[in-house]
Amino acid sequence: MSTSFPSLFPGMLLDAASRYAQDHAAVPELPGDPVRELGWTATLVPEEAGGVGGSLADLASIVEGLATHGMHLPVVETCAVVPLLLQAAAPEVGNRWLGAVAEGSAQLAPLIALSAMPEEMALRARHLGIGYELNGFVQGVDVSLPATHWLVPAEVDGEAAIFLVDAERVGVPVARYRTMEGRRGADFALARLTVPQGSCIARGGQARNALAAASDAALLLTAVDTVAALAALTQQTLGHLKERRQFGVALSTFQVLRHRVADMYVKYLGAKGLTIHCFHAHEQKGSDLRRSLRLAKVSLAETARGCAEAAIQMHGGMGLSEEVLATRLAQRLIASEFRYGDRLLHAAHLKASQGDAGPSSLSNLARSAQ
């Protein structure tokens with residue numbers, strides 16, 4: 001049973017992230033703030049603002065390295081969503097905060113539900129003349145790392161806006177919990193929270209475009225996370241079948257199990273092709289990028305869930321223990337379906353915008369990714 005799992009985005013960033021994840025995967029509580037200490041927050045920050053000026057592919061290398069070993073760090077949120085939203089601000093404001101993000105002197109995080117697209121605003125703001133009043137409830141925010149400031153998308157008079165609010169002003173969450181895949185999540189309730197006029201760093205078209213760009217990046221990087229976790233899960237399952245024995249022979253000799261793991265590998269190849277196709281569309285700024293991302297989300301969600309369930313079954317009793325990497329990877333794959341909108345939400349958007357996005361549409365996208 002010979003298979004190949006080449007990296008999606010090979011390079012030094014992938015190697016560094018992979019080594020860090022491998023060394024710290026068994027640590028229950030990571031000390032400090034590894035994302036900022038390792039300089040990853042500077043990846044997408046332009047050079048003129050003090051950052052690296054890297055691309056989304058560079059950030060994807062980090063995401064892939066962490067996902068391969070089942071490590072959860074909010075790289076998508078702090079390293080992609082934050083700088084993309086800050087770039088909507090006026091240059092004198094945006095560059096100052098982007099520089100602070102790059103050097104780690106400010107810890108910014110998006111006050112956005114993990115289950116929602118950044119452009120789907122849960123909060124409403126009311127202009128008071130000398131400031132704004134924020135109201136609403138945001139459920140499922142990642143709070144794995146400390147934050148000194150929150151980037152808060154909100155709707156003001158029917159248009160999009162982005163606010164930069166001090167964490168002390170926002171206050172503590174109303175609930176904290178551990179998510180399905182092991183992240184630390186929290187719910188925030190904002191009731192008549194007043195913020196200064198200058199807290200609104202972008203409004204209207206600039207804010208809307210930044211939120212759309214952040215949504216595209218989040219969907220794309222989540223797809224990379226899914227493919228990397230799927231590759232690692234398939235490898236773990238192969239290793240398990242080769243090592244475990246039943247009736248005096250290795251499990252890998254049972255034809256039904258060989259067929260199931262072969263099916264996982266084929267699905268992994270298809271998921272990888274879809275993700276590469278979406279990256280090409282993003283690099284070329286294709287007009288159908290969002291449609292491709294939504295189609296990929298629908299397909300990857302189904303693939304990830306099916307492979308996760310198959311891997312748990314083939315691991316037997318061991319597949320129910322979170323001490324086993326395969327179990328944690330399976331949890332990650334199932335949770336990824338609900339990150340930045342689940343497949344039903346994206347399927348509904350596809351149907352509403354362009355008619356029935358049925359199997360033929362998925363088939364066309366899959367063929368173009370080959």
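A nonpolar core is a set of buried Ala, Val, Leu, Ile, Met, Phe, Trp, Tyr and Cys residues joined through side-chain atoms within 4.5 Å. The exercises below begin with such a core, and they concern a predicted model.

**Exercise 1. The largest core**

Find which members of the largest nonpolar core touch the most other members, and which helix gives the most residues to this core.

Solution. The largest nonpolar core has 96 residues, and within it Val75 and Ile162 touch the most other members. Helix H7, which runs over residues 205–243, gives the most to this core, with 19 residues. Apart from it lies another core, of 26 residues, which includes Ala154, Ala186, Leu190 and Leu193. Turning back to Val75, and leaving out residues up to four places away in sequence, we find that Val75 touches Val35, Trp40, Leu59, Ile62, Val63, Leu66 and Ala80. As a general background, nonpolar side chains in soluble globular proteins tend to be buried together.

**Exercise 2. Helix H4**

Decide whether H4 is largely enclosed by or largely open to its surroundings, and compare its span with the expected one.

Solution. Begin with the length: the 12 residues of H4 should span 16 Å at 1.5 Å a residue, and the end C-alpha atoms of H4 are 16 Å apart, which agrees. Next comes burial, where 12 of the 12 residues of H4 are buried, so H4 is largely enclosed by the rest of the structure. The buried residues include Val75 and Val76 as well as Glu77, Thr78 and Cys79.

**Exercise 3. Helix H5 and its partners**

State which residues of H5 are buried, and which elements they pack against.

Solution. Helix H5 covers residues 91–103, and its 13 residues reach 18 Å from the first C-alpha to the last, close to the 18 Å expected at 1.5 Å a residue. Its buried residues are Gly94, Trp97, Leu98, Gly99, Ala100, Val101 and Ala102. These buried residues pack against helix H4 (75–86) and against three strands, namely E1 (108–110), E4 (149–156) and E5 (159–166). After H5 comes Gly104, which has a positive phi, near 85°.

**Exercise 4. Two crossing helices**

Work out how H3 and H10 are oriented to one another, and which residues meet.

Solution. The axes of helix H3 (residues 56–68) and helix H10 (residues 325–336) come within 10 Å and cross at roughly 130°. Because angles from 65 to 115 degrees count as roughly perpendicular and those over 145 as roughly antiparallel, this crossing makes H3 oblique to H10. Where they meet, Leu66, Ala67 and Thr68 of H3 are in contact with Leu325, Leu329 and Arg332 of H10.

**Exercise 5. Positive phi values**

For Arg192 and Tyr340, give the phi and say whether each residue is buried or exposed.

Solution. Most residues other than glycine have a negative phi. Arg192, however, is a residue other than glycine with a positive phi, near 55°. Arg192 lies in strand E7 (residues 184–196), and its relative accessibility of 63% means that it counts as exposed. Tyr340 also has a positive phi, near 60°, and is found in the loop between H10 and helix H11 (343–354). With 4% relative accessibility, Tyr340 counts as buried.

**Exercise 6. Cysteines**

Determine how many disulfides the structure holds, and what surrounds Cys307 in terms of cysteine sulfur.

Solution. The structure holds zero disulfides. Cys307 is in no disulfide, and the nearest cysteine sulfur, which belongs to Cys278, is 18 Å away, whereas a disulfide would need sulfur atoms within 2.5 Å. Cys307 counts as buried at 1% relative accessibility, and Cys200 is buried too, with a relative accessible area of 17%.

**Exercise 7. Contacts of Arg36 and Val227**

Establish where Arg36 and Val227 lie, and which residues they touch.

Solution. Arg36 lies in helix H2 (residues 34–37) and counts as buried at 10% relative accessibility. Not counting residues up to four places away in sequence, Arg36 touches Thr41, Thr78, Ala106, Gln107, Leu108, Leu145 and Pro146. Val227 is found in helix H7 and is buried, with a relative accessible area of 2%. With residues up to four places away again left out, Val227 touches Leu8, Tyr268, Ala271, Lys272 and Thr275. The C-alpha atoms of Val227 and Leu274 are separated by 9.6 Å, although these residues are 47 residues apart along the chain.

Notes: Residues are numbered from 1 along each chain as its sequence is written. This is a predicted model: local features need pLDDT of at least 70, side-chain atom pairs count only at pLDDT 80 or more; totals for chains, interfaces and linings use all residues. Side-chain values use heavy atoms; hydrogens and water are left out. Helices (H or I, at least four residues) and strands (E, at least two) are DSSP runs, numbered from the N terminus. The expected span of a helix is 1.5 Å times one less than its number of residues. Buried means under 20% relative accessible area, exposed over 50%, partly exposed in between (1.4 Å probe, protein chains only). Contact means heavy atoms within 4.5 Å. Axes are lines fitted to C-alpha atoms, for helices over the stretch in contact, and angles run from 0 to 180 degrees between N-to-C directions. Angles under 35 degrees count as roughly parallel, over 145 as roughly antiparallel, 65 to 115 as roughly perpendicular and the rest as oblique.
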